[in-house]
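Biologist: Could you choose one part of this model and take me through it closely? I would also like to know how that part sits within the rest of the chain.

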Amino acid sequence: MFEKILIANRGEIALRVICACKDLGIPTVAVYSEADRHSLHVRFADEAICIGPAKSSLSYLDIPSVISAAEISNVDAIHPGYGFLSENANFAEVCETSGITFIGPPPEVIRLMGLKDRARAAMKAAGVPTLPGSEGVVKTPEEALVIATQIGYPVILKATAGGGGRGMRIVRTPEELPALLVSARQEASASFDCADVYLEKYIQSARHIEFQVLADRHGNVEVLGERECTIQRRHQKLIEEAPSPCVTAELRTRIAAALREALRACGYVNAGTVEFVMDENRDLYFIEVNARIQVEHPVTEFITGIDLVKSQILIAAGAKLPDIVELPVQTRGHALECRINAEDPVSFAPSPGRITGFNLPGGIGVRVDTAAYTDGVISPYYDSLVAKLITHGHDRNEAIARMKRALSTFVVEGIHTSIPLHQRILSDPDFLRGCFDTNFVRRYAPPK
Ligand code: MV4
C-alpha cells in the first residue's frame with residue numbers, strides 16, 4: 001500500500017480524497033495556490049505545500065510545480081481528483097517516469113479516451129451501441145456533406161479533443177454545414193489546440209445517462225449501474241440521480257455486459273464513466289468515456305455502498321476487484337445530488353465572495369460534500385461549486401423528500417446560490433414524474 005499520497009486538487013474533491021486516505025490510514029499531502037492558503041484541504045491534510053499563484057495555469061495545472069511538491073514530500077502516489085490534471089496523459093506519464101503512481105488509468109488509455117473519435121471507434125468495435133457517424137475525422141465540407149446525407153439531418157459536429165460542449169455544432173441543413181464546420185474547427189483549435197472534428201447523428205430530445213465502472217490492473221471490470229444526468233444547463237450538470245428513472249433492468253444488464261468487454265479490450269484501469277445519450281425510443285448510444293472520478297460519484301456510492309475513491313487508491317496499489325468489492329455489485333434504493341453553486345439567481349453568472357453565515361443540513365439519508373465554511377471565500381479563480389448535497393431513500397420519492405428537507409435547512413449567507421433553483425425544480429411535476437430531456441432547465445432560465 002502507498003505510504004503517502006499527494007492530492008493534486010482543491011475544494012471538495014481534495015477533501016473527499018483526504019477522507020478516503022484517512023479511512024485507509026494513509027498520510028496525505030495537499031498542494032495549494034496562494035488563493036487557497038486558508039482552504040480546508042490545506043488544514044485537513046497531514047502536510048501542505050504552496051505550488052504557486054491563484055491562476056490555475058501557474059499552480060494546479062503546472063506539472064513541474066506539482067511534481068516538485070511530490071518529490072519534496074516524498075509521496076509514492078498522486079490522486080488528481082477531477083478537472084485540472086486528471087485527464088492529462090502527459091502528467092500521468094511524468095508521474096510514472098518520476099517513480100510516482102498516478103491514481104488513474106495508464107497514460108495510453110487516457111490518451112485514447114481523450115480522442116473522442118478513436119474512443120468511439122474502439123467502443124463500436126467491441127459491441128457498444130454507437131450512433132451513425134463519420135469514421136474518424138472529417139476535414140472538408142465535401143466529405144462532411146456526403147456523410148451527413150447518408151446518416152440524415154440533424155447531425156452534430158464534435159471536436160475530437162472536445163469536452164464540456166466546446167467545439168460542438170448542431171447542423172440542421174446541408175446549406176449551413178460548410179460554415180458550421182469552419183466555426184467548429186476554429187473553436188476546437190482555440191480550445192484544445194487541435195482543429196479535428198467528427199460527425200454524428202444528432203439526437204434532438206436526449207437524456208444524458210452515464211455508467212460508472214471500476215477496473216483493476218488484472219483485467220477485471222465491474223459496472224456499478226448508471227446515473228441520470230439530464231438536468232443540466234450549458235453543459236453544467238445541476239441534478240444527478242441513480243438509478244435513472246428510465247433505464248430498465250434488461251437495458252442496464254445489456255449495456256453493462258457490453259461495457260465490461262469493451263473496457264477490458266481497451267485495457268481500462270481505475271474508476272471511469274461511460275456517457276450515453278438516450279433517444280425517444282429509450283435506446284442508449286455511446287458518447288464518450290471520462291477517465292476520472294466524477295463530481296457526481298456520490299450518488300453511485302449511496303446506492304452501491306462502495307467507496308469509489310478508496311477503490312481507486314486500492315486498484316492503483318494493485319488490488320484485485322473481487323478482493324475490494326462484494327460481488328455481484330448490488331444496489332439499494334435511490335440517490336439524488338444537487339450541485340449548490342455560487343451563482344446569481346437571475347443571470348446564473350458566478351457569484352463569488354465570502355460566506356458570512358452557513359448551516360449544513362444533516363439527518364438520515366443526507367450527505368454533504370463541501371469545502372465551504374463560515375468566513376470561507378468562494379474564489380473567482382476556480383469553479384463555483386459550493387457544495388454537493390446528496391440524499392438517499394428507499395425509492396425516488398423518499399430521496400426527493402429528503403432532498404427538499406435538506407435544502408430547507410441549508411443556509412448559505414453572503415453569496416447567492418442555486419438553492420432556490422433546486423427547490424423549484426424539485427417541485428416541478430415533470431421532474432417528479434421523471435419526465436425530462438436536456439432542454440428541461442430552459443423553462444427556469446431562458447438562456448440570454
Ligand atoms: C450528443 C447529444 C445528442 N446527439 N451527441 C454534450 C456534451 C458531450 N459530453 C456530449 N453531449 C451531447 N452529445 C449526439 N449525437 C446531446 C448531448 C448533450 C447535450 C447537447 C446539447 C445541449 C445540452 C446537452 C446536454 C447533455 C448532452
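Modeller: Happily; I will start with the chain as a whole, turn to its largest nonpolar core, and then visit some individual residues elsewhere.

Please keep in mind throughout that this is a predicted model. The chain holds 15 helices and 20 strands, and its C-alpha atoms fill a box of roughly 60 × 50 × 45 Å along the principal axes. What radius of gyration does the chain have, set against that of a compact globule? The chain has 21 Å, which agrees with the value near 22 Å that a compact globule of 448 residues would have. Buried residues account for 57% of those 448. Take the contacts between residues at least 6 apart in sequence: 65% of them join residues at least 24 apart. On the outside, about 18,200 Å² is exposed, and carbon and sulfur atoms supply 51% of that area. As for charge, there are 47 positive and 55 negative side chains, and the centres of the two sets lie 3 Å apart.

Now for the part I chose. The largest nonpolar core has 34 residues, and I231, I425 and F431 are the ones with the most contacts inside it. Which elements give two or more residues to this core? They are strand 11 (236-242), strand 14 (334-341), strand 19 (385-393), helix 13 (396-408) and helix 14 (419-425). Helix 13 gives the most, with five residues. A good place to point your viewer is I425: leaving out residues up to four places away in sequence, I425 touches I231, L238, I239, F431, F440 and Y444. That list brings in I231 and F431, the other two residues named for having the most contacts in the core. Apart from this core lies another, of 33 residues, with V17, A45, L214 and A271 among them.

Two of the elements that feed the largest core also border loops with a cis peptide bond. In general, most peptide bonds are trans, so a cis bond deserves a second look. One cis bond runs from A242 to P243, with omega near -5°. P243 lies in the loop between strand 11 and helix 9 (249-266). The other joins L327 and P328, where omega is about -5°, and P328 sits in the loop between helix 12 (321-324) and strand 14.

Backbone angles call for a stop around strand 12 as well. Most residues other than glycine have a negative phi. N270, however, has a positive phi near 95°. N270 belongs to strand 12 (residues 270-278). Is N270 buried or exposed? N270 counts as buried because its relative accessibility is 1%, under the 20% limit for that class. R282 also has a positive phi, near 65°, and is found in the loop between strand 12 and strand 13 (284-290). R282 has a relative accessible area of 47%, so R282 is partly exposed.

That loop between strand 12 and strand 13 also holds D279. With a relative accessibility of 11%, D279 counts as buried. Beyond its neighbours within four places in sequence, D279 is in contact with I203, S205 and Y285. Y202 is 77 residues from D279 in sequence, and their C-alpha atoms are 9.8 Å apart.

Two further residues complete the tour. G225 lies in strand 10 (residues 221-233) and, at 12% relative accessibility, is buried. Once neighbours within four places in sequence are set aside, G225 contacts E210, F211 and Q212. A317, 92 residues from G225 along the chain, lies 24 Å away from C-alpha to C-alpha.

C50 belongs to strand 3 (residues 47-52). C50 is partly exposed, because its relative accessible area is 32%, and that falls between the 20% and 50% limits. Which residues does C50 contact beyond its neighbours within four places in sequence? They are Y32, S33, E34 and R37. The C-alpha atoms of C50 and S33 are separated by 5.7 Å, although their positions lie 17 residues apart along the chain in the sense of sequence separation.

Key. Residues are numbered from 1 along each chain as its sequence is written. This is a predicted model: local features need pLDDT of at least 70, side-chain atom pairs count only at pLDDT 80 or more; totals for chains, interfaces and linings use all residues. Side-chain values use heavy atoms; hydrogens and water are left out. Helices (H or I, at least four residues) and strands (E, at least two) are DSSP runs, numbered from the N terminus. The radius of gyration is taken over C-alpha atoms; the globule rule is 2.2 Å times the number of residues to the power 0.38. Buried means under 20% relative accessible area, exposed over 50%, partly exposed in between (1.4 Å probe, protein chains only). Contact means heavy atoms within 4.5 Å. Accessible areas come from the Shrake-Rupley method with a 1.4 Å probe; for residues, only the protein chains shown count as cover. Lys and Arg count as positive and Asp and Glu as negative; His and the chain ends are not counted. The place of a charge is taken as NZ of Lys, CZ of Arg, CG of Asp or CD of Glu. A nonpolar core is a set of buried Ala, Val, Leu, Ile, Met, Phe, Trp, Tyr and Cys residues joined through side-chain atoms within 4.5 Å.
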